[in-house]
Amino acid sequence: MLLKFRALPVFLCLVFQLAILAPAVAQGPESFLQTQREKLSEIESTVVSLESEIDDQATDDGELVSVRVELEKLAREVFDASLAFRPRLSEINTRLEQLGEPRKEGEPAEPEEVTRERTRLLDEKASFNVLIGDAERLSVRINSVVDGIAELRRDLFTRTLSRRYDVTAALSADVAGEFTQEVGRVYQRVSAWLTFVFKYRLKSLLLATALATIAALTLLFGGRRLFGDFMEPDPAETEPTYLSRLSQALFSTLIPSLSIGVFLASTYYFLDYFSLLRSDIQPLLWSLFSVVILVYFVYRLARAILAPRRPNWRLLPVRSQAAQWLLVLAVVTAIATGFDYFMDQVYLLFGSQLSLTVATSLVATVIVGLLIMAIGGVSPLDDDEGNPKPWPLKFRYLLFALGAAIIIAAMLGYIGFARFLSQQAVVTGAIIATMYIGFLTAGAITSEGAFANSWLARRLERYTAFDETALDQLGLVTGMLINMIVVLIGVPLILLQWGFRWADLTAWSYRIAGKIQVGSLSFSIVGILTGILVFVIGYFLTRWFQSWLDGKVMARSRMDSGVRNSIRTGIGYVGLVIAALIGISAAGINLSNLALVAGALSLGIGFGLQNIVSNFVSGLILLAERPFKAGDWIVAGGVSGTVKKISVRATEIETFQRQSVILPNSELINAAVGNWTHRNKLGRMEIPIGVAYGSDVRRVHEILLEIARSHPLVLKNPEPFVLFAGFGDSSLDFEIRVYLSDILMQLNVQNDIRFAIVDAFEAEGIEIPFPQRDIHVRSGLFGQQEPDKTPNDEEPAEDTMEEQDDLPAGKRRRRRKVDPE
């Protein structure tokens, strides 16, 4: 059986290799080579066309990113094409090794068939090597073009930030008039579009708006249904916990902001789906919706952190009046940044003059810089005497420096750099603040006992069987998931604000998802995560099937608990093995590579793992043969107790002193084990009893037999038996032997019978003796004269002390008798 399992990976590897080689074998060597040549030629022509596009789009960052994505896709195709040659090359090399080297001069000639076969294989190998060389050359060319695109994008970003504009021309009186004209043009186009839509496409407009509203309301009400206790603070709670405040701030920011975002995004999608958007309205509407989402998100975030009207739910320890001012300043800063972005898109759409763009950005960035400095100038804290106190020195100087840098850069004409700083201060700052709240929430949830006292834990306790320890562990998992979600969402958003594009993130995700080659072993992070996920799903499915089989099927069949435990345990191990194999396959790990691991394990088993393997095999034998089962009372060596659990390595036994003893399974297989409840709980119990010499032994026999028969737990068949065991040193020994249907009740039965014996013997005047010991003490000392005696003196005598060794010292009796001389 073990050899069969060891051959399984080899068999799967052969199947895998045949699946790879099947296309090549079906096509034939020549057709396969021709197919790969055409594929590489097509890829090379595509690379040439993309190189020409780079020269035409050298100033468009978005187009450069698109070209780079196409090139990386081609690079993956070239890599896959080169991998397609490897199975056939391995087969050719193996065949050449079998044929051997050509015969040298002076050696016997080899058959012509062998020579022709070797020549054919060498020619085919040379053709494959030529194609592999072409693929490597093409891959190097693609990588060099990708590196050139990265250099172009870096230069473009640097020029955008470092370009200086003439600010004096932007501050002329004509700019205000041009600004009014552009606003009028926006109004005319939007009003014309709305007039057309309301007049000719009203039904489509209403349907699009209704669908977008339904999507937003579904998210809003669903979020309130699930997280309603977190979104709205409880006014009756005067001292909320830190976790409650963090949760309220996080969910009261995300759920409403996501609802507004879903509404606006759905509106844009459905308007475009029903062909209601014109080409000149699409960028305006998209920019407007982006600004609305930004401003609303900043408002919800600042309101959640500062809580101007709820001081007890405030995350920052600021004064109420200062909280209101900070909320207003934060929202106005977001409005100024959003206005600059929207007008920039308007100017691009209408092809406005550069001076108008510079003037608008100059005013907006200066306002943002002043607002940031105003935030730094607020005194939101309280000192020891309750007077207003400014921000900490480093934070205040940081705000002043940032605001001053924006203003100075704008006044010097570096509008691009000033806009970049202002946008990062608002947008990136909001994202980082939200991520920080998420991290704090995760940290608060993972603290000991925090999750067990939350609203979600109370619901889980109501509908599940989780205890406090399980809820605390679930809190750890929840905290890790929150941290992971915060990183996966927050980091890409920050990168997008810093000049990266979705195509960049997509390319990075492809690289992460791509295979990593380490020697002959190839794997990918996504594949490994997929394998782990598949294994976890298989693990929980196995546990669910165990519970279902035990509780729904085997429980109704009135099967013995030990049999149920053995079946449950066996199914658990089989399910884990299957889940592990499927997880390894899902991870993309070639099972043939496990043959080396199996060989190494075999060597380790031969040297240092004999005991582990012995215990493992013994555990399987115990589960299969079932010499004892969970719940049995066994005696193994010096251990006596109840079997609690049988695993593949060891068996847990609980003694009657409630001590858990872990015995390796090999000891239970190799040594004698006594099982009191192997087939059933029927067992015999013995109670020894002694009576004094001179007692009526037949009456004693009758009394003991009557007591044994009268007990309700003593079986009538086999009937009780009283044995006259023998003549002891101090007593006539009897032994009561009775059978019980449940041997585990023997202690109770022994107590009852002993109490009945004492009562019956006292009523009949039968004495229960105790061991006696005679001690002879000689009066007087050797070689000395005895002292004079008086009539009242006690005659020296030989003392006889009878002790009852089995009784406590306080109950021992001593009798003296005179030993005549």
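This passage describes aromatic pairs, one buried threonine and a three-stranded sheet in a predicted model. Residues are numbered from 1 along each chain as its sequence is written. Local features need pLDDT of at least 70, side-chain atom pairs count only at pLDDT 80 or more, totals for chains, interfaces and linings use all residues, and side-chain values use heavy atoms, without hydrogens and water.

The structure holds 15 aromatic pairs. Rings of Phe, Tyr and Trp (its six-membered ring) pair if their centres lie within 6.5 Å; planes under 30 degrees apart are stacked, over 60 edge-to-face, and the rest tilted. The ring centres of F179 and F339 are 6.4 Å apart and the planes stand at 65 degrees, so this pair is edge-to-face. F179 lies in helix α6 (residues 174-200) and F339 in helix α10 (residues 320-350), so the pair ties together parts 160 residues apart in sequence. Helices (H or I, at least four residues) and strands (E, at least two) are DSSP runs, numbered from the N terminus. F179 is partly exposed at 26% relative accessibility. F339 is partly exposed at 39%. Buried means under 20% relative accessible area, exposed over 50%, and partly exposed in between (1.4 Å probe, protein chains only). Elsewhere, Y269, F270, Y273 and F274 form one aromatic cluster.

T677 is found in the loop between β9 (673-675) and β10 (683-691). T677 is buried, with a relative accessible area of 4%. Its side chain makes a polar contact with the side chain of D632 at 3.2 Å. A polar contact is a pair of N or O atoms within 3.5 Å; within protein, one must be able to donate a hydrogen and the other to accept it, and residues adjacent in sequence count only if both atoms are side-chain atoms. The T677 side chain also reaches the backbone nitrogen of W633 at 3.0 Å. Beyond neighbours within four places in sequence, T677 is in contact (heavy atoms within 4.5 Å) with K629, G631, D632, W633 and I743.

β10 belongs to an open sheet of three strands, ordered β10-β12-β11 with antiparallel pairing. Two strands pair if DSSP finds at least two bridges between them. The edge strands are β10 and β11 (721-727), each pairing on one side only. β10 and β12 (residues 732-740) pair over nine bridges. M685 has V738 in β12 as its bridge partner.
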